[in-house]
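Dear colleague,

Please find the structure below, handed over for your records. My notes on it follow directly after.

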Number of protein chains: 2
Amino acid sequence: MPSSPLPRRAIIREVGLRDGLQSIARVVPTAAKLEWIRDAYDAGQREIEVGSFVPARLLPQLTDTAELLAFAQTLPGLKASVLVPNLKGAERAMDYEAELMLLPISASHAHSLANLRKTPDQVVEEIARIRDARDARGSKTTIEVGFSTAFGCTIQGRVEPDEVVRLVEAVLDAGAEAIGLADTVGYADPRMVRSLFEAVLPIAGDRLNCGHFHDTRGLGMANVYAALELGVNRFDACVGGIGGCPHAPGASGNVATEDLAYMLASMGIETGQDFDALLALRKKVATWLEGETLHGTLWRAGLPRTMKQEALS
Amino acid sequence: MPSSPLPRRAIIREVGLRDGLQSIARVVPTAAKLEWIRDAYDAGQREIEVGSFVPARLLPQLTDTAELLAFAQTLPGLKASVLVPNLKGAERAMDYEAELMLLPISASHAHSLANLRKTPDQVVEEIARIRDARDARGSKTTIEVGFSTAFGCTIQGRVEPDEVVRLVEAVLDAGAEAIGLADTVGYADPRMVRSLFEAVLPIAGDRLNCGHFHDTRGLGMANVYAALELGVNRFDACVGGIGGCPHAPGASGNVATEDLAYMLASMGIETGQDFDALLALRKKVATWLEGETLHGTLWRAGLPRTMKQEALS
């Protein structure tokens, strides 16, 4: 198993406002979300998933996505993305000129039916329609497809890597410009990550540019490292490790933004993040989500003395 | 950075009874510790660090080490180790015919003085005396040296890898038969692990056979994975992730035995561990240490459906 040198730079996309909040019933006020985006931006984050264009009855806590997107677009150099489940959502993302729209596809047939009420191949067809619509209207919104349950599924169990590879080919043929592999339920281990990324990279090349790992079983950081070793340099994360999965009660959520930023910085990989600012944001998120369980370790342990020394030198 | 294939088997040494309990003031009754050893053994663990031969006034919670060692020696195939800080402790380990004694040496000069009141080179001299004493009496107790603070130190800050390499050479010259590298305070990241193990392996070869990682900043599993990639296949861990560091209040302890066993099993690396038995032991430890903070994720999330399917097939 040959490894490349680790990337020199990496992007952390903050997805707390979407993946984090969609799993929490309470509605965080729009004013707080705007502050969240502003603070994340000030902490150095340059990609933020601000919400989701889904029907309000499904996710009432994400109905202010258009307003958040409009604000994010005022911040220079910030790439704002939104999740869209279908053509209708994609049309809204293009109406509001989102720079990037993330389309989820489940590698698990069972999860796809439960989550989107479509088979994976029906989702591929929808992606093709979205690409056609995008090209027809001359929109500049990039189409990224996120492969949910790529490493296994709480409903179906095992997801065959061959099926992921088949769907990746189909999705790229349908016109996706970027793809990511997601361990939605925390089933991946570093060997699986290496193996699946190694299988997909020859097909997707640079278009495979996102790893999305949940830390349900404590392997989030190890999985990020395994992907880094293959040159992957863009990862989703949530401040405070929020997020979760309706199919895994009590399980922790995404890798924590601040912990991921710490690991990358410790390894000499530039992310442009300011730790004090990230930890201050985490504190605010803890207040906005009072009563919810947050995760992560850096907020408690603090930076190592060695990194503080480097910062001062 | 070339990687070897991952090892097919790995050993998890349970160090909760020593590294875990030494950081907790309360005294766990000997009867509970005997049950702990028995249960760990029944769960498949074949290496257990049962305690430490240090003066009772320093660690009153570990004064029953001789009794625990005697019991461990009745369990077929179990390798019981004890920590010894000096020749006097080593003599006791040999008196009681421990199979292995672990001698700590701090790679950090400052930590060495604070912890052992000796410079690292004075500890090297003590190791030579212990080897001489061992050979003189024809004892079969193996001498393993654990390099504390090999990746940095909360007192001194940075620890130079060159200094670790120099001390490894000195310790091997002094007669150590095995060595391990320890991230005592949770400063290591996977790149540092790879780099330091790569520097030490050419000198120590198979004698470098233990990784000891604290999970203070959430990188314990990633660090284990980085060591596995270099062929290291023996790791210290504590049930419930207990342990910690007096210099990092609130920080979490060693990697959790049950989480480590899960990651290894998920990657197809045999450890001989029974998850139900490990989780049952964790529950008992939580009772014995009621009020202390335990860590780990598997106890909450459970095994993935995929691993349960495999177990049934």
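The notes below cover the conventions, the interface between the chains and the cysteines.

This is a predicted model, in which local features need pLDDT of at least 70 and side-chain atom pairs count only at pLDDT 80 or more, while totals for chains, interfaces and linings use all residues. Residues are numbered from 1 along each chain as its sequence is written, chains are lettered from A and ligands numbered from 1 in the order in which they are written, and side-chain values use heavy atoms, with hydrogens and water left out.

Chain A and chain B each give 44 residues to the contact (heavy atoms within 4.5 Å). Between them the two chains bury about 3600 Å², 55% of it on carbon and sulfur atoms; buried area is the accessible area (1.4 Å probe) lost on being put together, summed over both parts.

Two salt bridges link chain B and chain A (a side-chain nitrogen of Lys or Arg within 4 Å of a carboxyl oxygen of Asp or Glu). One of the pairs in a salt bridge is Glu229(B) with Arg194(A), at 3.4 Å from N to O. On the side of chain B that touches chain A, 20 residues are nonpolar, 15 polar and nine charged (Asp, Glu, Lys and Arg count as charged; Ala, Val, Leu, Ile, Met, Phe, Trp, Tyr, Cys and Pro as nonpolar; the others, Gly among them, as polar).

The structure has zero disulfides over all chains (cysteine sulfur atoms within 2.5 Å). For Cys238(B), the nearest cysteine sulfur, that of Cys210(B), is 12 Å away. Cys238(B) is buried, at 0% relative accessibility (buried means under 20% relative accessible area, with a 1.4 Å probe and protein chains only).

With kind regards

Terms used: Buried means under 20% relative accessible area, exposed over 50%, partly exposed in between (1.4 Å probe, protein chains only).
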